[in-house]
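Colleague: Please pick one strand in this model and take me through it closely. I'd like to hear what pairs with it, what packs on it and where the charges go.

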Amino acid sequence: MKRARSGLIIATLLALSACTVAERPQAAGPAPLVAPPQTKADRWRAVATTEDAERLRRLPMAWSEALAEVRAARSTTALREEGSLLEAGAGLARPAPTPGSYNCRLIRLGKTDRRAPALVKFKPFFCYVEVENDLLTIVKQTGTERPAGRLWEDDDATRLIFLGSIALGEKERNKPYGEDASRDMAGVVERVGPMRWRLALPFPRSGARLEVYELTPVAVQPAA
């Protein structure tokens, strides 16, 4: 009888031991790696060349050097006449220009040639803003230097990133961005007032410190 009880007790203990082993929690494996979500800036950085990404990073330096040269040349009156157009950090919310025709005007600031003026204003011309897929584009329609490119959203909500190219001469066509480094352009589009935008190009290949295109809508838009 005692042997039977002892056997029953041993069997019970073995059963409990088996349950304990079976229910022991398994060690957790390494957590899966989750890539961070893509930001708006990641999109344009994936397109921009290394050289142009560096130009855009140095935009504050371009503004500082260009304005310093203009002031040193005693051209401050011209700066005041342009108001917020030539003020660094003047970008406002909602930077995207409305699609349509614009009067565009180029101003070059800074110089590499001592004999050149520190600030040069050019005659107005026409350019056009339109929608291409999910991006806005800017195209200069007339003149011997005709920029054209796409506008990309940025993590900074007060600006858009311009990546494009310039066509030189009446017969040359704009090449796709990244195809010819000598024609590539990179800049920042900002709204600087009611119905007033600018495209600022830091350290352009023209030799200036900064090029600023002013964009103001044409009063009478062409029929669609």
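**A close look at strand E1**

Modeller: Confidence first: the mean pLDDT (the predictor's confidence in each residue, from 0 to 100) is 86, and 83% of residues reach 70 or more. Residues 8-22 fall below 50, and beyond near neighbours in sequence that stretch makes zero contacts (heavy atoms within 4.5 Å) in the model. Where pLDDT is low, the predicted coordinates shouldn't be read in detail.

Housekeeping: this is a predicted model, with local features needing pLDDT of at least 70, side-chain atom pairs counting only at 80 or more, and totals for chains, interfaces and linings using all residues. Residues are numbered from 1 along each chain as its sequence is written, and side-chain values use heavy atoms, leaving out hydrogens and water.

Now E1, residues 100-109 (DSSP runs: helices are H or I with at least four residues, strands E with at least two, numbered from the N terminus). Nine of its ten residues are buried, that is, under 20% relative accessible area; over 50% is exposed, in between partly exposed (1.4 Å probe, protein chains only).

E1 has several antiparallel partners (pairing takes at least two DSSP bridges). Eight bridges join it to E9, with Arg105 opposite Glu214. Five go to E3, residues 125-132, where Cys104 faces Phe125. Three more link E1 with E2, residues 119-121, putting Ile107 across from Lys121.

At the end of E1, Leu109 contacts residues well away in sequence, including Ala66, Leu67, Val70, Leu86, Leu119 and Leu210. Leu109 is also among the residues touching the most other members of the largest nonpolar core, a set of 29 (buried Ala, Val, Leu, Ile, Met, Phe, Trp, Tyr and Cys joined through side-chain atoms within 4.5 Å). H4 gives that core its largest share, six residues.

As for charges, the structure holds 20 salt bridges (a Lys or Arg side-chain nitrogen within 4 Å of an Asp or Glu carboxyl oxygen). Arg209, itself in contact with Leu109, bridges to Glu69 at 2.8 Å between the closest N and O atoms. That pair ties the loop between E8 and E9 to H4, 140 residues apart. Arg209 counts as partly exposed because its relative accessibility is 24%.

Glu190 and Arg198 also meet at 2.8 Å, N to O, and Arg198 is buried at 0%. Back on E1, Arg105 belongs to a network of salt bridges with shared partners, together with Glu81, Glu82, Lys121, Arg196 and Glu214.

Notes:
Lists of a residue's contacts leave out its neighbours within four places in sequence.
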